[in-house]
Amino acid sequence: MKAVWALALITFKEGIRNRAIFGIALLALFLFGLNVTVAGFFMRDIGKVSVDMNLTALTVAGLLLVFFVAINLMSKDIDRKTIHLVLSKPISRPQYIWGKYLGLVLFVTASLLLLTLFSGLTLALVRSLYPAYFGDFSWSIFFLAVFFVLVKFWVLCAVVMFFSALTTSSLITLIFSFATYIAGVTIEEVIFYLKSELAAQERIISETLRQFIDAISWILPNFSAFDFGIQAAHGLTVSTDRALLAFGYGVLYSVILLLVASLVFSRREFN
């Protein structure tokens with residue numbers, strides 16, 4: 001366990017030293033500032049638009065952190081052949097996978113927590129300027145939505161680890177991870193449509209393809225399960241059961257994916 005935490009801390013330190021993080025932070029701060037600027041153009045929906053823009057800014061920043069920093073942190077050992085040095089230490093290959101993953105989680109979590117501070121300040125400023133339009137707003141629901149944005153990126157980090165264990169190319173890892181994210185965000189809507197009466201009447205796809213898509217939906221991560229933006233924007237109450245179910249799903253999916261990644265990585269040969 002000490003080896004796992006040691007590797008996690010090394011990965012975390014490498015992440016915060018990456019220069020790309022400053023560009024991502026500046027972009028997020030720009031989006032937060034843009035929120036203050038454009039909020040007044042949506043007079044009847046200032047509260048909803050402000051919450052949506054803040055959550056969107058956090059999501060964009062998180063995606064950039066995962067796709068441009070986290071993937072690089074994982075592939076760097078393989079590209080530079082330093083993985084041989086790492087694995088020569090008293091650390092097993094599954095420990096390497098878990099250590100790297102925990103390091104990525106620490107990095108993404110610390111980065112988003114800092115950005116959440118600026119997001120909260122931005123939202124508080126807009127709320128102080130237009131208090132009449134934040135009647136249904138709830139800080140607890142907003143921070144719950146932010147927390148599940150973070151959970152979504154924990155799962156996405158597990159996806160990155162899985163594809164990194166399969167391939168030696170960071171570009172392929174990026175492509176497959178991005179494709180998985182897009183599919184995971186949209187798969188729920190696709191399934192709902194295919195099960196609707198309209199789709200059944202139009203018969204736009206064959207029954208075989210419908211069953212195939214339904215089977216794929218059980219394999220792909222359902223990132224829509226972590227989306228609480230509507231509740232945060234409208235001040236709607238989130239049931240404890242739904243929050244716990246979403247959190248449990250994220251943890252379980254990540255653990256299963258990491259176990260598979262550990263198995264694949266243990267059997268992989270390096271040149």
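**Figure 1. Isoleucine 10 is partly exposed, because its relative accessibility is 46%.** A residue counts as partly exposed when its relative accessible area falls between the limits for buried, under 20%, and exposed, over 50%. The model shown in this and the other views is predicted. Isoleucine 10 lies in helix α1, which covers residues 2-16. The view also includes glycine 99, which is 89 residues away from isoleucine 10 in sequence. In space, the C-alpha atoms of isoleucine 10 and glycine 99 are 9.1 Å apart.

**Figure 2. The protein chain is built with 11 helices and zero strands.** Followed along the sequence, the chain has the pattern α-α-α-α-α-α-α-α-α-α-α. The protein chain has 271 residues, and 45% of them count as buried. The views that follow pick out single residues, a surface patch and two pockets.

**Figure 3. Valine 155 sits in helix α6.** Is valine 155 buried or exposed? Valine 155 is buried, because its relative accessible area is 1% and the cut-off for buried is under 20%. Another valine, valine 105, is shown with valine 155; the two are 50 residues apart in sequence. From C-alpha to C-alpha, valine 155 and valine 105 are 9.4 Å apart in space.

**Figure 4. Serine 169 belongs to the loop between α6 and α7.** The relative accessibility of serine 169 is 25%, so this residue counts as partly exposed. Serine 75 is the partner in this view, and 94 residues separate serine 169 and serine 75 in sequence. Their C-alpha atoms are 7.4 Å apart in space.

**Figure 5. A nonpolar patch of about 570 Å² is found on the surface.** Which residues make the nonpolar surface patch? They are Leu26, Leu29, Leu114, Leu117, Phe118 and Leu121. Two elements, α2 (20-38) and α5 (93-129), give two or more residues each to the patch. The most comes from α5, with four residues. Leucine 29, one of the patch residues, lies in helix α2. Leucine 29 counts as partly exposed because its relative accessibility is 35%.

**Figure 6. The largest pocket has a volume of about 430 Å³.** Its lining is made of 15 residues. Those that lie nearest the centre of the largest pocket are Glu188, Ser217, Trp218, Asn222 and Tyr249. At least two lining residues are supplied by each of α7 (170-194), α9 (207-219) and α11 (240-266). Which element gives the largest share of the lining of the largest pocket? That element is α7, with four residues. Sorted by class, the lining of the largest pocket has eight nonpolar, three polar and four charged residues.

**Figure 7. The second largest pocket has a volume of about 370 Å³.** How many residues line the second largest pocket? There are 17, and Thr59, Lys152, Asp227, Phe228 and Gly229 lie nearest its centre. The elements giving two or more residues to this lining are α3 (46-79), α6 (139-166) and α7. By class, the lining of the second largest pocket divides into eight nonpolar, four polar and five charged residues.

Methods: Residues are numbered from 1 along each chain as its sequence is written. This is a predicted model: local features need pLDDT of at least 70, side-chain atom pairs count only at pLDDT 80 or more; totals for chains, interfaces and linings use all residues. Side-chain values use heavy atoms; hydrogens and water are left out. Patches are made of residues with over 30% relative accessible area and no salt bridge: like charges are joined within 9 Å, nonpolar side chains (Val, Leu, Ile, Met, Phe, Trp, Tyr) within 5 Å. Accessible areas come from the Shrake-Rupley method with a 1.4 Å probe; for residues, only the protein chains shown count as cover. A salt bridge is a side-chain nitrogen of Lys or Arg within 4 Å of a carboxyl oxygen of Asp or Glu. Buried means under 20% relative accessible area, exposed over 50%, partly exposed in between (1.4 Å probe, protein chains only). On a 1 Å grid over the protein atoms alone, a cavity is a set of points where a 1.4 Å probe fits but cannot get out, and a pocket is an open set with protein on both sides within 12 Å along at least five of seven lines; lining residues have an atom within 4 Å of a point. Grid points are joined across faces, edges and corners, and a volume is the space filled by probe spheres set on the points. Ala, Val, Leu, Ile, Met, Phe, Trp, Tyr, Cys and Pro count as nonpolar, Asp, Glu, Lys and Arg as charged, and the others, Gly among them, as polar.
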